Amino acid sequence: GLGGAVDPGALLAVADTCAALACVPSLDERLRGSATLSLSAVFGPPLAGPAVAVGREVADAGGLRSALVDVRADGAPQQAA
């Protein structure tokens, strides 16, 4: 991106993939696939280097699962949730 920052669209793609994986806990479910029905993002300061995405399932309501994904600079402390 401009100024050497990671493109926000690339960060959304990473978050989307991480959320899908966080919400399919078994190998059988992974083989059937998973989809993100909606995605909401809050951007902080631009990332100018390697990024790490950490996702975890936060809700399961009748098969519709929600995940929280924290994308941050590699080596940055994880935010409390």
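I began with leucine 12, which I found in helix H1 (residues 8–22); helices here are DSSP runs of H or I with at least four residues, strands are DSSP runs of E with at least two, and both are numbered from the N terminus. I noted that this is a predicted model, in which local features need pLDDT of at least 70 and side-chain atom pairs count only at pLDDT 80 or more, while totals for chains, interfaces and linings use all residues. I also noted that residues are numbered from 1 along each chain as its sequence is written, and that side-chain values use heavy atoms, with hydrogens and water left out.

I looked up the accessibility of leucine 12, and at 30% relative accessibility it counts as partly exposed (buried is under 20% relative accessible area, exposed is over 50%, and partly exposed is in between, with a 1.4 Å probe and protein chains only). Leaving aside neighbours within four places in sequence, I found leucine 12 in contact (heavy atoms within 4.5 Å) with Leu39, Ala41 and Phe43. The C-alpha atoms of leucine 12 and leucine 39 are separated by 8.4 Å, though the two residues are 27 apart along the chain.

I turned next to proline 50, in the loop between helix H2 (27–32) and E1, and I recorded it as exposed, with a relative accessible area of 61%. Its C-alpha atom is separated by 5.5 Å from that of aspartate 74, 24 residues away along the chain.

Finally I followed strand E1 (residues 51–61), which pairs with strand E2 (residues 64–73) in the antiparallel sense over 10 bridges; pairing requires that DSSP finds at least two bridges between the strands. I saw that alanine 51 stands opposite alanine 73 in E2.
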